[in-house]
Amino acid sequence: MERDEVYVPKTREDLGIPDFPSHEIDWDEVFGDTPIYTLLMLIRQQLLAFPAYLLYNVSGQKTYPKWTNHFSPNSILFTKEQRNAVLMSNLGIFATLYIVVYASFAYGFGSVLKFYGIPWLALNHWFTMITYLQHTDTHLPHYRGKAWTFQRGAASTADRNFLGWQGRFFLHDVAHYHVIHHFFPKMPFYHGAEATRYLKAFIGAHYVHYDTPVFQALWRTYNDCQFVDNEGDVLFYRNKKGKVARSAKND
């Protein structure tokens, strides 16, 4: 919980849910949204969560300073050695914005929206969907304090059969072999398949993989992963009825 960088779970306290037994809480009052509203909020997440995270650290680590973002070279997210790289990145962003504005005047806003704006929103969707499903699931544990170790934290993610061969070809297995990336973040992606075979054999049941169709998984995860408890060292998401699919006490 203290070491997650993004998709940090909300707690009962964050959502204002009293720490009462589940049968004493009116869960419909807390989470009683219509499916249409839930769908709209999911679409909002898919289109805007990535820029919101970059700009305002939305869903990021809660212990970071209030104005944490990915554009300040002095941000807590970066080391001193990365300062110049951040400045160069910002320069590239300003250059891109200038080109987009110039193109809007030269070719019309509609053309820029069609050939740049909509693809940009599509990029946000795919990037958010992939990373969200890699790090969020009812069976993935989250650790507090001394319960966290590097190995535990690295294994708290999932590989997914993302769009079958299309995901393998167009996305270079980014979702198929993500767990190994947590253990060896500098390893080239093209070693993912081979390295994952050895990792699975080594960590056994701690390796997590899902074959659930990804859009079905997205809807289920968005509805079932609502919050975690205020207390405890090993935590699992609770759903809209306050129930957990897995408990540290039962493992």
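How much space lies in the second largest pocket? The volume of this pocket is about 480 Å³, taken as the space filled by probe spheres set on grid points that are joined across faces, edges and corners. A pocket is here an open set of points on a 1 Å grid over the protein atoms alone, where a 1.4 Å probe fits, with protein on both sides within 12 Å along at least five of seven lines; lining residues have an atom within 4 Å of a point. The model is predicted, and local features need pLDDT of at least 70, side-chain atom pairs count only at pLDDT 80 or more, and totals for chains, interfaces and linings use all residues. Residues are numbered from 1 along each chain as its sequence is written, and side-chain values use heavy atoms, with hydrogens and water left out.

The second largest pocket is lined by 19 residues, of which Ile93, Thr96, Leu97, Tyr116 and Trp120 are the closest to its centre. Two or more lining residues come from each of α3, α4 and α5 (helices are DSSP runs of H or I, at least four residues, numbered from the N terminus). The largest share, eight residues, is given by α5. By class, the lining holds 15 nonpolar, four polar and no charged residues; Ala, Val, Leu, Ile, Met, Phe, Trp, Tyr, Cys and Pro count as nonpolar, Asp, Glu, Lys and Arg as charged, and the others, Gly among them, as polar.

Helix α4 comprises residues 83-107. Its end C-alpha atoms are 36 Å apart, in agreement with the 36 Å expected for 25 residues at 1.5 Å a residue, the expected span being 1.5 Å times one less than the number of residues. Val86, Asn90 and Ala103 are buried in α4 (under 20% relative accessible area, 1.4 Å probe, protein chains only), and the buried residues of this helix pack against α5. Asn90 counts as buried because its relative accessible area is 13%. The C-alpha atoms of Asn90 and Phe71 are 6.6 Å apart, although 19 residues separate the two in sequence. After α4 comes Gly108, with a positive phi near 100°.

The largest nonpolar core (buried Ala, Val, Leu, Ile, Met, Phe, Trp, Tyr and Cys residues joined through side-chain atoms within 4.5 Å) has 13 residues, and Phe162 and Val214 are among those with the most contacts inside it. Two or more of its residues come from each of α3 (35-56), α5 (109-135) and α10 (214-224). Another core, of ten residues including Tyr177, Val179, Phe183 and Ala195, lies apart from it.

Definitions and conventions:
Buried < 20%, exposed > 50% of the residue type's maximum accessible area, 1.4 Å probe, protein only. Contact = heavy atoms within 4.5 Å.
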